[in-house]
Amino acid sequence: MDLPALIEEYLEYYEQTQGVLPERLESFGDSYREQGHLTRDQLYDIAYESSTRSAYHVENNPESRCREVTANVLAVDGDFSKIQLLCGLSGFKAPTASCVLAALDPERHAVVDTRVWATLDRLDYLDGRKETFDAADYVTMLDPIREIAAETGYTTAEVGYALFAYDDDVREGTLH
């Protein structure tokens, strides 16, 4: 399989999907790096981009906790630690938390969900399908996504978007 061609094709196709808007995440990433944290309102907006149905849970977090957790994400090393910190916030499971990390550092992180996992399975990077994800699953997905990014010259985030779009295009039947 010609991975660079596949990533290029599906990055173009991504615009036709219901996926998170890369430009919006880029804007949140700019604010995050500039402020050194994210506010509850900013986290709500990111969560809404990811999952309109469950974004309201973010409002259960105290403002101070949102700032503390997102500041701490900047201070720790390790993908597992970063995603696990974010998953401690109400309204943030691994897929939504991955949006925050992709916004912060698109060179190293990607937005992930069941579509990305399914594509990695189809491409023989992972084995089996999953419906839900935790922090360890996020780290499991990052390795092959980063491998593809290194092989193709795209960012980790771009590869994630392309893998999402690929599943959107080829999946038969419903998502769940």
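Q: Is Leu85 buried, partly exposed or exposed, and at what relative accessibility?

A: Good place to start, and keep in mind that this model is predicted. Buried means under 20% relative accessible area and exposed means over 50%. Leu85 has 27% relative accessibility, so it counts as partly exposed.

Q: Where does Leu85 sit, and what does it touch?

A: Leu85 belongs to helix H5, residues 79–87. Not counting residues up to four places away in sequence, Leu85 touches Val69, Asn72, Val73 and Val76. You can also check a spacing here: the C-alpha atoms of Leu85 and Ala97 are 9.0 Å apart, with the two residues twelve places from each other along the chain.

Q: How do I read the side of a helix that is covered?

A: Start with the geometry. An α-helix has 3.6 residues a turn, so residues three or four places apart point the same way. Now take helix H3, residues 40–50, whose buried residues are Gln42, Leu43, Ile46 and Ala47. Those residues span an arc of only 135° around the axis, which puts them on the same side of H3.

Q: What covers the buried residues of H3?

A: The cover includes helix H2 (22–35), helix H4 (63–75) and helix H6 (94–104). For a view from H4, look at Thr70, which lies in that helix. Thr70 is buried, its relative accessible area being 0%. Beyond its neighbours within four places in sequence, Thr70 contacts Tyr32, Gly36, His37, Leu38, Leu43 and Leu86.

Q: How many residues of H6 are buried?

A: Ten of its eleven residues are buried, and H6 is mostly covered. Among them are Thr96, Ser98, Cys99 and Leu101. The buried residues of H6 pack against H2, H3, H4, H5 and H8.

Q: Why is H7 described as largely enclosed?

A: Count its buried residues: eight of the nine in helix H7 (residues 114–122) are buried, so the rest of the structure largely encloses it. The buried set includes Arg115, Trp117 and Asp121. Packing against these buried residues are helix H8 (135–152) and H9.

Q: What should I look for at the two ends of H7?

A: At its start, a side-chain oxygen of Asp113 comes to within 3.0 Å of the backbone nitrogen of Arg115. After H7 comes Asp124, which has a positive phi, near 65°.

Q: How do I describe a pair of packed helices?

A: Two packed helices are described by the angle between their axes and the distance between the axes. Try helix H1 (residues 3–14) and helix H9 (residues 156–170), whose axes come within 8 Å and cross at roughly 75°. H1 and H9 are therefore roughly perpendicular to each other.

Q: Which residues make that contact, and of what classes are they?

A: On the H1 side, Leu6, Ile7, Tyr10, Leu11, Tyr13 and Tyr14 take part. On the H9 side, the residues include Val159, Tyr161, Leu163, Phe164 and Tyr166. By class, the contact of H1 with H9 has 14 nonpolar, no polar and three charged residues.

Q: Is Thr156 of H9 buried or exposed?

A: Thr156, found in helix H9, has 2% relative accessibility and so counts as buried. Setting aside neighbours within four places in sequence, its contacts are Pro106, Glu107, Arg108, His109, Ala110, Leu142, Ile145, Arg146 and Ala149.

Technical notes. Residues numbered from 1 in each chain as written. Predicted model: local features only at pLDDT ≥ 70, side-chain atom pairs only at ≥ 80, totals over all residues. Heavy atoms only, no water. Buried < 20%, exposed > 50% of the residue type's maximum accessible area, 1.4 Å probe, protein only. Helix = DSSP H or I, 4+ residues; strand = E, 2+ residues; numbered from the N terminus. Arc of directions from axis to C-beta. Contact = heavy atoms within 4.5 Å. Axes fitted to C-alpha atoms, helices over the stretch in contact; angles between N-to-C directions. Parallel < 35°, antiparallel > 145°, perpendicular 65-115°, else oblique. Nonpolar A, V, L, I, M, F, W, Y, C, P; charged D, E, K, R; others polar. Polar contact = N/O pair within 3.5 Å; in protein donor to acceptor, adjacent residues only side chain to side chain.
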